[in-house]
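Me: Please take a close look at a single exposed position in this model, and then set it against the rest of the chain. I would like one connected account, with the reasoning behind each classification made explicit.

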Amino acid sequence: MAAPGNKPKNLAATVRELLSYLGRHKLIFGAVALLVATSAVANLLGTYMIRPVVDALALGSYDSFIGGIVLTACIYGVGVLAAFGYTQLMVHAAQKVLVDIRRDLFAHIQTLPLRYFDNHNRGDVMSYFTNDVDTVAEAMNNSFAMVIQSFIQIVGTLIMIFVLNWQLSLIVVVGYVCMFAYISYSTKKSRSFYQRQQGVLGELDGYIEEMVTGQKVVKVFNREHANVFSFREKNERLRVAGTSAQSYAASMIPAVVSISYMNYAIVAVLGGWMALTGQTDVGVLASYLVFVRQTAMPINQFTQQSNFLLSALAGAERVFAVMHEEPEVDRGRVTLVRTGEDAWAWKIPAGYGVGAWGALVPLAKNEGDATAQRHAAAEDMGAQVQDAALGADGTVVATGLLPLRGDVRFHDVTFGYEAGHEVLHQINLFAKPGQKIAFVGSTGAGKTTITNLINRFYDVQEGEITYDGINVKNIAKDDLRRSLGIVLQDTHLFTGTIADNIRFGRLEATDEEVRAAAKIANADSFIRRLPQGYDTMVTSDGANLSQGQRQLLAIARAAVADPPVLILDEATSSIDTRTEMLIGRGMDQLMRGRTTFVIAHRLSTVRDADAIIVLEHGRVVERGSHDELIAQRGRYYQLYTGMLELS
């Protein structure tokens, strides 16, 4: 998928969205605008005061001359104070807006499905928070007030020169039209290059992030020179896009200055002739020429800020494009509640029951003898249901609280990460409460995909997955995932202490509970040998720990969460055989009474599983205990005896 910044966006929509953030702080931006307007008007009035001062000097009126000087000084003094005020306010206002943008961007990214992160480079995602938001910050700090001031000065200057001499002003207007025509042309050209620049910058950031993170692999395979070549290629693309953007933007100032000089020369000659012929006085001409000389200044200021503005709009487009990405869909209404110290239950929403295939069914409106019907329905549903009733379709449905038992079933499930490329084909499997289910098979057979579907990282295209008889699509995702403890093959540790990383599984866990979880994972002994023990800082995703130690902490993190159901995705893949045997006892204790799904390449680790499911090419080819599958002398037997190898 292309980065958002590579696609042309609606400029008006981007500006509207950016203005909506400014609108959240109306008072402070209103004060900034008022002070900017005061500063601009003071500058215009100060320039106009040249006329009475020069006229008083020409007439020899000392009092009028001194009075004009004092008034001019007061006007400029007000302008200076206003300028100081709006610059200070603008700093605070800009930071408030940036806080809002970053907060909303980060909050929205938390809601995006895993599919989004699968299709986007991590460095490019990071670029949204750094380069793109920073360009908006730079533009707001440098350009917001300047644009308002320039606009007021342009309009005010036009009004003042027409008041002073409308005949000469017609020449100035022609110059203005030429200036704005060229600015419009250059802006359109440079904007497209700024969009390309932001996109290429995101790609370059992503490449740098990958290469820095993978330095060990780079050095193992002597890829340093090849990486330098790739970097130069991407850096060159950024240079070309940046040069094109800057060249168009930079050409605006010389063009505006040249046109303004031509205007000034023409007006000076004609104005001097009019003064000599008595068609205007010297004071008017002096004030007028200063205004004409200043006509280019606000336009120059605007064009100088165009680089910031165009780059900021390109960055804002990318940021807002991410904010418009569809969040993870969650229509589940069944929630998880604790009913005891170690007991949980699914809470069915009022007015509904769970019927066939885990669907939510509205309750019947006319139940007749409700007590008798519920009693009979509960008997039909089984002892595991606390209450039952009749659905609107006349069938018996579970209502109220449904105890969490860990019964997971796949019913004709078909799934593919991309349309037309199925990974799982008509999968049927079940895990009874408290069972340990192991998945084995070649790489790409669909083992991890099955666990991704259980916790709804992805939703199935066909079929149903039921959890304690409830379709997982009807369970709120937060509650579904709260019931699952997952240890991934790729461990990820956060910057913080060892204790903080274990406590990430359950933030309210006490120090004693953290240590107990570490003991279950057999991590307590190595943690105590660290310089600061549980207070040892983890840095750079656990770079100061071995791979096996990182995986032990990931297991401890799952243990402290104390989940009813466990998913172990190659949880011991980076642990040596001796350590694996040591944590086996702790893992057995952790898995006792819990439904557990285990994915492992080491077949020796799944011998004690209640059921081993053999997957090949997204299909279940065998199921049974270790002894049963060995007796069948099929695929599992061939893998276990080494006649075939997992690949």
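**A loop position and its wider setting**

Reply: Histidine 617 is exposed, because its relative accessible area is 67% and the exposed class begins over 50%. The model is a predicted one. Histidine 617 sits in the loop between strand S18 (611-616) and strand S19 (619-624). Its backbone is also notable: histidine 617 has a positive phi of about 55° although it is not a glycine.

Aspartate 412 offers a useful comparison. This residue, again not a glycine, has a positive phi of about 50°. Its place, however, is in strand S8 (residues 408-415). Aspartate 412 is partly exposed, because its relative accessible area of 38% falls between the limits of 20% and 50%.

Strand S8 leads on to the aromatic residues. A search of the whole structure finds 10 aromatic pairs. In one of them, the rings of phenylalanine 415 and tyrosine 458 have their centres 5.9 Å apart and their planes at 55°, so the pair is classed as tilted. Phenylalanine 415 belongs to strand S8, whereas tyrosine 458 belongs to the loop between helix H13 (447-454) and strand S11 (462-467), so the pair ties together parts that are 43 residues apart in sequence. Both partners are buried: phenylalanine 415 has a relative accessibility of 0%, and tyrosine 458 has a relative accessible area of 7%. A second pair is formed by tyrosine 636 and tyrosine 640, which are stacked, with 6.0 Å from centre to centre and 20° between the planes. Both of these tyrosines lie in helix H21 (residues 635-640), four residues apart, about one turn of the helix. Their accessibility is as follows: tyrosine 636 is buried at 0%, while tyrosine 640 is partly exposed at 30%. Returning to the tilted pair, Phe415 and Tyr458 form one aromatic cluster with Tyr417.

Another partly exposed position is methionine 537, which has a relative accessibility of 43% and lies in strand S15 (residues 537-538). Once its neighbours within four places in sequence are left aside, methionine 537 is in contact with Thr495, Gly496, Thr497 and Asn544. The C-alpha atoms of methionine 537 and aspartate 500 are separated by 9.2 Å, and these two residues are 37 apart along the chain.

Two helix pairs complete the picture. Helix H16 (residues 511-520) and helix H18 (residues 547-561) pack at an angle of about 125°, and their axes are 8 Å apart. H16 and H18 are therefore oblique to each other, as the angle is above the perpendicular range of 65 to 115 degrees and does not exceed 145. The crossing of H16 past H18 is right-handed. From H16, the contact uses Glu513, Val514, Ala517, Ala518 and Ile520; from H18, it uses Ala556, Ala559 and Val560. By class, the residues of this contact are seven nonpolar, no polar and one charged.

The second pair consists of helix H4 (residues 62-111) and helix H6 (residues 122-164), whose axes come within 10 Å and cross at roughly 150°. H4 and H6 are therefore roughly antiparallel to each other, since angles over 145 degrees are placed in that class. H4, too, passes H6 in a right-handed crossing. On the H4 side, the contact residues include Tyr86, Met90, Val91, Leu98, Arg102 and Phe106. On the H6 side, they include Val125, Tyr128, Phe129, Asp134, Met140 and Phe144. This contact of H4 with H6 comprises 19 nonpolar, three polar and two charged residues.

For the chain as a whole, there are 21 helices and 19 strands. Buried residues account for 47% of the 647 residues. Of the contacts between residues at least 6 apart in sequence, 74% join residues at least 24 apart. Against this background, histidine 617 is an exposed loop residue with a positive phi, whereas phenylalanine 415 is buried and is paired with tyrosine 458 in a tilted arrangement.

Conventions
Residues are numbered from 1 along each chain as its sequence is written. This is a predicted model: local features need pLDDT of at least 70, side-chain atom pairs count only at pLDDT 80 or more; totals for chains, interfaces and linings use all residues. Side-chain values use heavy atoms; hydrogens and water are left out. Buried means under 20% relative accessible area, exposed over 50%, partly exposed in between (1.4 Å probe, protein chains only). Axes are lines fitted to C-alpha atoms, for helices over the stretch in contact, and angles run from 0 to 180 degrees between N-to-C directions. Angles under 35 degrees count as roughly parallel, over 145 as roughly antiparallel, 65 to 115 as roughly perpendicular and the rest as oblique. A crossing is left-handed if the near helix is turned anticlockwise from the far one by less than a right angle, and right-handed if clockwise. Contact means heavy atoms within 4.5 Å. Ala, Val, Leu, Ile, Met, Phe, Trp, Tyr, Cys and Pro count as nonpolar, Asp, Glu, Lys and Arg as charged, and the others, Gly among them, as polar. Rings of Phe, Tyr and Trp (its six-membered ring) pair if their centres lie within 6.5 Å; planes under 30 degrees apart count as stacked, over 60 as edge-to-face and the rest as tilted.
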